[in-house]
Amino acid sequence: MDTVAREVMEDTWPEISAGIDSLVRNKADAREVKKRLADHTWCGLLVTLIQLIEKINKIVELLTDTAKQFITDALTRRFDSGLPRLVTDAVIRLVVDKVWSALARLLEAHLPLLGTDTLRVLRMLAIFTCPSVEHHPEVYKHAVRPLMGDARRSARTRSRRTWSPSSPRGGGGALRKLWPDAPRPGHARPHQPRKEPAVRCRTYTSPAFSP
């Protein structure tokens with residue numbers, strides 16, 4: 001996760017920030033644009049990248065012009081810089097260009113961008129960067145819900161391993177360590193009448209009282 005976060009977000013930001021300063025000469029406006037980028041733009045970009053990876057099945061399809069335009073269109077629908085449309089479009093192109101270059105570097109490093117591990121990393125990053133998941137349904141749908149599904153499947157797998165009937169001594173390995181004489185599957189223990197405990201009386205001597 002650190003590699004993807006560093007390449008896609010951390011390492012690209014200095015160039016994106018400098019590019020915004022060049023596009024928006026007024027310093028206050030430039031700061032506002034950067035602030036608005038932090039409001040669902042990064043998580044929106046990551047979610048769009050997740051959707052893109054989910055749709056394609058070949059690595060050569062990831063960095064095509066069509067895929068890049070898919071990301072650009074998604075950001076255009078969401079991002080508003082508060083400045084004229086031409087400036088906003090220029091900022092979006094700047095962000096997409098830098099992120100696309102970062103993805104190309106990851107591919108050159110032979111990182112398996114189409115693997116399930118990468119999708120899991122991108123989903124976690126989308127959640128971490130989202131300022132309010134409850135107000136961003138795409139993050140919930142494409143990041144939160146799949147990760148919750150992964151967690152449930154992992155829990156079921158661990159449960160089956162723990163309570164598998166093929167475990168040593170007839171299954172229930174964890175239980176058998178705590179209860180060695182527990183009945184095994186298919187071997188019901190014969191019913192035994194309950195024995196009432198014998199009643200015993202004990203006498204207690206009060207401690208000596210000292211004034």
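**Exercise 1. Place F128 and state whether F128 is buried or exposed.**

F128 sits in helix 7. Helices are DSSP runs of H or I with at least four residues, strands are runs of E with at least two, and both are numbered from the N terminus. This is a predicted model, where local features need pLDDT of at least 70, side-chain atom pairs count only at pLDDT 80 or more, and totals for chains, interfaces and linings use all residues. Residues are numbered from 1 along each chain as its sequence is written, and side-chain values use heavy atoms, with hydrogens and water left out.

Next, the accessibility. Buried means under 20% relative accessible area, exposed over 50%, and partly exposed in between, with a 1.4 Å probe and protein chains only. F128 has a relative accessible area of 58%, so F128 is exposed.

Last, a distance. The C-alpha atoms of F128 and C43 are separated by 8.2 Å, though the two residues are 85 apart along the chain.

**Exercise 2. Explain why C43 and C130 form no disulfide.**

Start with the rule: a disulfide is a pair of cysteine sulfur atoms within 2.5 Å. The closest cysteine sulfur to that of C43 is in C130, 3.8 Å away, so the pair is too far apart for a bond. C130 is likewise in no disulfide. The chain's count is zero disulfides.

Now check burial. C43 has a relative accessible area of 1%, so C43 is buried. C130 is at 9%, so C130 is buried.

**Exercise 3. Describe the chain as a whole: how many helices and strands are there?**

The chain has nine helices and zero strands. From the N terminus on, the order is α-α-α-α-α-α-α-α-α. Of the 211 residues, 34% are buried.

Then look at contacts, meaning heavy atoms within 4.5 Å. Among contacts with a separation of 6 or more, 62% join residues 24 or more positions apart.

**Exercise 4. Find the residues with the most contacts inside the largest nonpolar core.**

A nonpolar core is a set of buried Ala, Val, Leu, Ile, Met, Phe, Trp, Tyr and Cys residues joined through side-chain atoms within 4.5 Å. The largest one has 41 residues, and I20, L49 and L52 have the most contacts inside it. Helices that give two or more residues to this core include helix 1 (2–10), helix 2 (13–23) and helix 3 (27–37).

Take L49. Leaving out residues up to four places away in sequence, L49 touches L62, I71, L103 and L122. In soluble globular proteins, nonpolar side chains tend to be buried together.

**Exercise 5. Locate H142 and list what H142 touches.**

H142 belongs to helix 8. Its relative accessibility is 13%, so H142 counts as buried. Beyond residues up to four places away in sequence, H142 touches V47, I50, Q51, E54 and R123.

**Exercise 6. Which sign does the phi of H40 have, and where is H40 found?**

Phi of H40 is near 75 degrees, a positive value in a residue other than glycine. Most residues other than glycine have a negative phi. H40 lies in the loop between helix 3 and helix 4. Its relative accessibility is 9%, so H40 counts as buried.
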